[in-house]
Amino acid sequence: MKLARTIRFDDSDLNVFENTAELDEWALSGAFEFSNWTEAELTGKGRQAFANGWMGLESFGRSTFVAVTAISQREYDDLIDRLSVHFVQRYGAPSLEAARGPAVEEIEHMRQMCEDHEDNTLLIVERELVESGVKESFRVLKPQDADLAQFAVHGEME
């Protein structure tokens, strides 16, 4: 099973996002954060997070790049629990049980996106507001000759 972790090539994320994801967090798109946004909210660092920020699942901060890597079932299940709690605490889901379905959907969407890519494949998200809400597109950068292991720390070996 695969998912993606936040990576950093330099310190630019620290300057462009209000809340920056830590290096090596499991990540997902996190577009739900922008579901009720309008053009008025698209200013400054919020605009940057909207335009191309992946959401880290520990800090709930943003990262420009993520890299595909293996994830254990235990880690996957823990992420569902963590995101469910976030939905209750941050977005007012009525219970952990009610939040679990949307959390599974979000994480499963990311798993499916990553599943067919080689380890260390870089993913980039791009968003725009459209009449029906938020439109996302994704770019994939295949690993080249460079060894990205120095940037993309891999999940536990079981």
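**Exercise 1. Ring pairs**

Find out how many aromatic pairs a search of the whole structure gives, then work out how the pair F9 and F65 is arranged.

*Solution.* Start with the count: searching the whole structure turns up eight aromatic pairs. Keep in mind that you're looking at a predicted model.

Now take F9 and F65. Their ring centres are 5.2 Å apart and their planes meet at 75°. Planes over 60 degrees apart count as edge-to-face, so that is the label for this pair.

Next, place the two rings. F9 sits in the loop between strand 1 and helix 1 (12-16), while F65 belongs to strand 5 (residues 65-70). They are 56 residues apart, so the pair links distant parts of the chain.

Last, check the accessibility. F9 has a relative accessible area of 37%, which makes F9 partly exposed. F65 comes out at 23% and is partly exposed too.

**Exercise 2. A second pair, and a cluster**

Decide whether the pair W37 and F50 is stacked or edge-to-face, and say where each ring sits.

*Solution.* Look at the angle: there are 15° between the planes, with 6.4 Å from centre to centre. Planes under 30 degrees apart count as stacked, and that's what this pair is.

For the places, W37 is in the loop between strand 2 and helix 2, and F50 is in helix 2. The two are 13 residues apart, and the pair again links distant parts of the chain.

Then compare the accessibilities. F50 is buried at 3%, whereas W37 is partly exposed at 23%.

One more thing to find with the rings: F32, F87 and Y91 are linked into a cluster by ring pairs.

**Exercise 3. Trace the sheet**

Work out the order in which the seven strands form the open sheet, and which strands lie at its edges.

*Solution.* Walk across the sheet and you get 4-3-2-1-5-6-7, with antiparallel pairing. Strand 4 (62-63) and strand 7 (133-141) are the edge strands, since each pairs on one side only.

Now go through some of the pairings. Strands 1 and 2 are joined by two bridges, and R5 has W26 in strand 2 as its bridge partner. Strands 5 and 6 also run antiparallel and are joined by two bridges. Strands 6 and 7 pair over nine bridges, and the hairpin between them goes through two residues.

Follow L123 to finish. Across from V66 you find L123 in strand 6. In strand 7, L123 has V140 as its bridge partner.

Finally, add a helix to the picture. Helix 2 (residues 44-52) lies across strand 3 (54-56), strand 4, strand 6 (122-130) and strand 7, and runs at about 115° to strand 6.

**Exercise 4. Get to know helix 3**

Find how far helix 3 reaches, which of its residues are buried, and what covers them.

*Solution.* Helix 3 covers residues 73-91, so you have 19 residues to expect 1.5 Å each from. The span from first C-alpha to last is 26 Å, close to the expected 27 Å.

The buried residues are E75, Y76, L79, I80, L83, S84, H86 and F87. Why do such spacings make sense? Residues three or four places apart in an α-helix point the same way, because there are 3.6 residues a turn.

The cover includes strand 1 (2-7), strand 2 (26-28) and helix 4 (96-115). Just past the end of helix 3, G92 has a positive phi of about 75°.

**Exercise 5. Two residues up close**

Say whether T121 and L129 are buried or partly exposed, and list what each one touches.

*Solution.* Begin with T121, in the loop between helix 4 and strand 6. Its relative accessibility is 0%, so T121 is buried. Beyond residues up to four places away in sequence, T121 touches V66, A67, V68, V140, L141, K142 and P143. A polar atom of the T121 side chain also lies 2.7 Å from the backbone oxygen of E118.

Move on to L129, in strand 6. At 23% relative accessibility, L129 is partly exposed. With residues up to four places away left out, L129 touches W37, T38, E39, L42, F50 and V134. That list includes W37 and F50, the stacked pair from Exercise 2. As for S35, it is 94 residues from L129 along the chain, with 9.4 Å between their C-alpha atoms.

Technical notes. Residues are numbered from 1 along each chain as its sequence is written. This is a predicted model: local features need pLDDT of at least 70, side-chain atom pairs count only at pLDDT 80 or more; totals for chains, interfaces and linings use all residues. Side-chain values use heavy atoms; hydrogens and water are left out. Helices (H or I, at least four residues) and strands (E, at least two) are DSSP runs, numbered from the N terminus. Buried means under 20% relative accessible area, exposed over 50%, partly exposed in between (1.4 Å probe, protein chains only). Contact means heavy atoms within 4.5 Å. Two strands pair if DSSP finds at least two bridges between them. Axes are lines fitted to C-alpha atoms, for helices over the stretch in contact, and angles run from 0 to 180 degrees between N-to-C directions. A polar contact is a pair of N or O atoms within 3.5 Å; within protein, one must be able to donate a hydrogen and the other to accept it, and residues adjacent in sequence count only if both atoms are side-chain atoms. Rings of Phe, Tyr and Trp (its six-membered ring) pair if their centres lie within 6.5 Å; planes under 30 degrees apart count as stacked, over 60 as edge-to-face and the rest as tilted.
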